[in-house]
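Thanks for coming, everyone. I've got one structure to walk through today, so have a look at it first and then I'll talk.

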Amino acid sequence: MEKKVSTKNLVIAGLLTAIGVAMPSLFHTIHLAGNIFLPMHIPVLLCGFLCGPLLGGICGFIVPFICGMITGMPPLFPVATYMAFELLGYGVLTGILGKKMNTYAALIISMLGGRAVLGVAQAVCLGIAGKTFAFKAFLTGAFVTAWPGMLIQIILVPILIMALKKAKVISQN
């Protein structure tokens with residue numbers, strides 16, 4: 001875990017949080033489904049890679065709630081709540097794994113780990129709401145419906161990280 005947060009990383013995390021809030025609104029404006037293209041995920045994944053697990057996790061946790069409070073999408077409970085835990089998982093995992101392995105491996109493991117967190121959070125939130133958690137519905141939503149967004153993440157996130165390294169916005173590690 002980081003001992004100190006740099007001003008640069010704090011600014012980057014703030015910018016990525018703002019992008020994470022703005023992108024879903026843009027997608028809804030041009031009638032692209034968020035549950036297919038996952039517009040909140042890319043800024044959070046980047047935040048973990050660029051700023052570490054603490055800021056990546058904070059970014060991931062607050063983005064769904066800010067979005068929900070501003071636009072009403074996603075609804076704060078249960079959807080924004082379980083999404084907050086999912087995105088927290090992405091931010092923390094990319095922050096940790098991005099330092100230990102190549103970007104693609106860290107990204108794929110983080111995406112799977114975040115979805116596992118999503119499943120647990122959905123089960124808990126739906127249980128609190130008195131609704132039934134259907135594992136098959138979870139798998140369909142998390143993997144089948146979301147595959148275009150997952151593919152975009154696998155292509156775009158490493159390209160953005162390489163471009164930021166080349167532009168010397170972030171260090172080469």
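I'll go through helix packing, then the cysteines, then a few backbone oddities and some long-range pairs. One thing before we start: this is a predicted model, so keep that in mind throughout.

Let's begin with helix α3, which covers residues 41–51, and helix α4, which covers residues 53–71. How far apart are their axes, and at what angle do the two pack? The axes are 7 Å apart and the angle is about 160°. Anything over 145 degrees counts as roughly antiparallel, so α3 and α4 are roughly antiparallel to each other. The crossing of α3 with α4 is right-handed. As for who does the touching, α3 brings V44, C47, G48 and C51, while α4 brings P53, L55, G56, C59, G60 and V63. Sort that contact by class and you get seven nonpolar residues, three polar ones and no charged ones.

Now turn to the other partner, helix α5, residues 76–97. Here the axes of α3 and α5 come within 6 Å, and they cross at roughly 35°. Again, α3 passes α5 in a right-handed crossing. On the α3 side you have H41, V44, L45, G48 and F49, and on the α5 side E86, L87, Y90, G91, T94 and G95. The class split for this contact is five nonpolar, five polar and one charged. If you're following along on screen, click on V44 and G48: those two are among the α3 residues in the contact with α4, and they also turn up in the contact with α5.

You'll have spotted cysteines in that first contact, so let's deal with those. How many disulfides does the whole structure have? Zero. C47 is in no disulfide, and its nearest cysteine sulfur, the one on C59, sits 4.1 Å away. To count as a disulfide, the two sulfurs would have to be within 2.5 Å. C51 is in no disulfide either; its nearest cysteine sulfur belongs to C47, at 4.2 Å. Are these cysteines buried or exposed? C47 has a relative accessible area of 0%, so it is buried. C51 comes out at 3%, and therefore it counts as buried too.

Next up is Q153, in helix α8, residues 147–166. Its relative accessibility is 0%, so Q153 counts as buried. What does Q153 contact, once you leave aside neighbours within four places in sequence? The list is L38, H41, I42, L45, L107, M111 and P158. Two names there are ones you've just heard: H41 and L45 are also α3 residues in the contact with α5.

L38 from that list deserves a stop of its own. L38 is in the loop between α2, residues 34–37, and α3. Its phi is near 55°, a positive value in a residue other than glycine. L38 has a relative accessible area of 7%, so call it buried.

While we're on the backbone, let's talk prolines. Which peptide bond is cis at P74? That's the one joining M73 and P74, with omega about -5°. P74 is in the loop between α4 and α5. There's another cis bond running from F77 to P78, with omega near 5°. P78 is in helix α5, and at 15% relative accessible area it is buried. Leaving out residues up to four places away in sequence, P78 touches C125 and L126. Its C-alpha is also 9.5 Å from that of V124, which is 46 residues away along the chain.

A couple more pairs to finish. A33 is in the loop between α1, residues 7–29, and α2. A33 has a relative accessible area of 29%, so it is partly exposed. The C-alpha atoms of A33 and A146 are 9.9 Å apart, although 113 residues separate the two in sequence. Then there's A22, over in helix α1. Its relative accessible area is 44%, so A22 is partly exposed as well. From A22 to P43 is 10 Å between C-alphas, with the two 21 residues apart along the chain.

That's my tour, and I'm happy to put any of those residues back up on the screen.

Notes:
Residues numbered from 1 in each chain as written. Predicted model: local features only at pLDDT ≥ 70, side-chain atom pairs only at ≥ 80, totals over all residues. Heavy atoms only, no water. Helix = DSSP H or I, 4+ residues; strand = E, 2+ residues; numbered from the N terminus. Buried < 20%, exposed > 50% of the residue type's maximum accessible area, 1.4 Å probe, protein only. Contact = heavy atoms within 4.5 Å. Axes fitted to C-alpha atoms, helices over the stretch in contact; angles between N-to-C directions. Parallel < 35°, antiparallel > 145°, perpendicular 65-115°, else oblique. Left-handed = near helix turned anticlockwise from the far one by under 90°. Nonpolar A, V, L, I, M, F, W, Y, C, P; charged D, E, K, R; others polar.
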